[in-house]
Amino acid sequence: MNPDVLIVGGSYAGIAAGLILARARRPVTVIDAGSPRNRFASHSHGVPGLDGISGAELLKTARQQLLDYPSVRWVHAEAVQANASAEGVEVRTADGQVLAARKLLLASGIADQLPELPGLAARWGSTVLHCPYCHGYEVGGGAIGLLGGHPMSAGKAPLFADWGNVTFFSQGLPITDEERAAMQQRGVQIETSPVLGVQGDQPTWLEVELADGRRIAQRALFVPATQAMATPLVQQLGCTLVESPLGVLIEVDMMKQTSVPNVYAAGDATTVGNITLAMAEGVRAGIGVHHALVAEDSVPR
């Protein structure tokens, strides 16, 4: 018997949605490839009651609690193809499984795309970071860098001053008089020599290599990673996308319905957020899917 709902993505949004649906006694199948977005970070912060827990431990516990509900099935596989119609949805996995349901929830998140500079990818999640609310406190003050190159970078630079002594590497980005004044007021140093890459073998600092030959030691370098969909299913299904300051997001309504019938989306693919926001998105999607199922079940046949 097919489940009512297929959830692609077993991270925070997917598990939160699955929990809502399982508690509504609906049969759910979660398809997960085991590659959460935060796998590069050793710990997760800003989660009330669980601050500082490792992401792997948090997901392990959440997954086990979800699987305690008898209506939930977990499929460890990569979803590679999907189609949807007014009658239902179907997902094919890389190992050849074909799964069908009435509704599909895309909770597979996004892929972070770093600027193409040597040394960034190798240090992603340790000394090369993205979100100051997630990692800024642990940097511990001192010298921190913010890599420019994105139109919003200069405007955000004063924000980072709460976490350390900030150097803004402009990367050729024009800086308005207003932005410059705000940075000066907050003690942000502006460096116009282009960054060529980062070096350094220590786990708690790095050196930013500049085009003029200088190297500037930093406890961390925050970079503007852009967002791309982590799964090809979004484009295959034809979901409408919207531009965000850091990339594209799936367009959804208040109940997390996409532009495609019977297809919903939640998590980082629909909002710029963190763990707690992804969980909240998942809860809203679970409720939205359940309401839609009940509405269909209430129509006389």
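**Exercise 1.** Decide whether L120 is buried or exposed in this predicted model, and describe what surrounds this residue.

*Solution.* Begin with the relative accessible area of L120, which is 1%; since residues under 20% count as buried, L120 is buried. Next, place the residue in the chain: L120 belongs to the loop that runs between β8 (110–113) and β9 (128–129). Then list its contacts, leaving aside residues up to four places away in sequence: L120 touches L114, P115, V128, V198, L221 and V223. Finally, consider Q199, which is 79 residues away along the chain, although its C-alpha atom and that of L120 are separated by 8.9 Å.

**Exercise 2.** Work out which strands of the open sheet containing β13, β14 and β15 stand at its edges.

*Solution.* First write down the order of this 3-stranded open sheet, which is β13-β14-β15 with antiparallel pairing. β13 (195–199) and β15 (215–218) each have a single partner strand, so one side of each lacks a neighbour in the sheet, and these two are the edge strands. From one strand to the next, the twist averages 25 degrees. Turning to one pairing in detail, β13 and β14 (residues 206–210) are joined in the antiparallel sense over 4 bridges, and G197 stands opposite E209 of β14.

**Exercise 3.** Establish which residues make the nonpolar surface patch of about 330 Å², and how M255 is classed by accessibility.

*Solution.* The patch is made by M254, M255, V283 and I287. Of these, M255 sits in the loop between β19 (247–250) and β20 (263–265). Its relative accessible area is 32%, and because the partly exposed class lies between 20% and 50%, M255 is partly exposed.

Definitions and conventions
Residues are numbered from 1 along each chain as its sequence is written. This is a predicted model: local features need pLDDT of at least 70, side-chain atom pairs count only at pLDDT 80 or more; totals for chains, interfaces and linings use all residues. Side-chain values use heavy atoms; hydrogens and water are left out. Patches are made of residues with over 30% relative accessible area and no salt bridge: like charges are joined within 9 Å, nonpolar side chains (Val, Leu, Ile, Met, Phe, Trp, Tyr) within 5 Å. Accessible areas come from the Shrake-Rupley method with a 1.4 Å probe; for residues, only the protein chains shown count as cover. A salt bridge is a side-chain nitrogen of Lys or Arg within 4 Å of a carboxyl oxygen of Asp or Glu. Buried means under 20% relative accessible area, exposed over 50%, partly exposed in between (1.4 Å probe, protein chains only). Two strands pair if DSSP finds at least two bridges between them. Axes are lines fitted to C-alpha atoms, for helices over the stretch in contact, and angles run from 0 to 180 degrees between N-to-C directions. Contact means heavy atoms within 4.5 Å.
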